[in-house]
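Dear colleague,

I am passing on a structure for you to look over. Please open it first, and then read the notes beneath it.

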Amino acid sequence: MEKRELFEQLQQALNAEYSEQEIFMHLRTTFLTLQQELQMTQQTKEQLTNLTVIFKG
């Protein structure tokens, strides 16, 4: 998502152009996306650690 698009969404939220449910759903989606990215990052870290162990083995 581009910075401009995020800014526009923030402006709409500040202007109360979104309903409470829309704001909740957006926050939930953002949270789930970040949670998924964190899991992927942790998996990548584990894979790199395993490769390091193999190379040092």
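The notes below go from the overall form of the chain to its charged residues.

This is a predicted model, in which local features need pLDDT of at least 70 and side-chain atom pairs count only at pLDDT 80 or more, while totals for chains, interfaces and linings use all residues. Residues are numbered from 1 along each chain as its sequence is written, and side-chain values use heavy atoms, with hydrogens and water left out.

The protein chain has 2 helices and 0 strands (DSSP runs of H or I, at least four residues, and of E, at least two, numbered from the N terminus). Its radius of gyration is 19 Å, where a compact globule of 57 residues would have one near 10 Å (taken over C-alpha atoms, the globule rule being 2.2 Å times the number of residues to the power 0.38). The C-alpha trace spans about 60 × 20 × 10 Å along its principal axes, and 0% of the 57 residues count as buried (buried is under 20% relative accessible area, exposed over 50%, partly exposed in between, with a 1.4 Å probe and protein chains only).

The structure holds 1 salt bridge (a side-chain nitrogen of Lys or Arg within 4 Å of a carboxyl oxygen of Asp or Glu). Arg 4 forms this salt bridge with Glu 8, their closest N and O atoms being 3.6 Å apart. Both residues lie in helix α1 (residues 3-14), 4 residues apart, which is about one turn of the helix. Arg 4 is exposed at 63% relative accessible area, whereas Glu 8 is partly exposed at 41%.

With best regards
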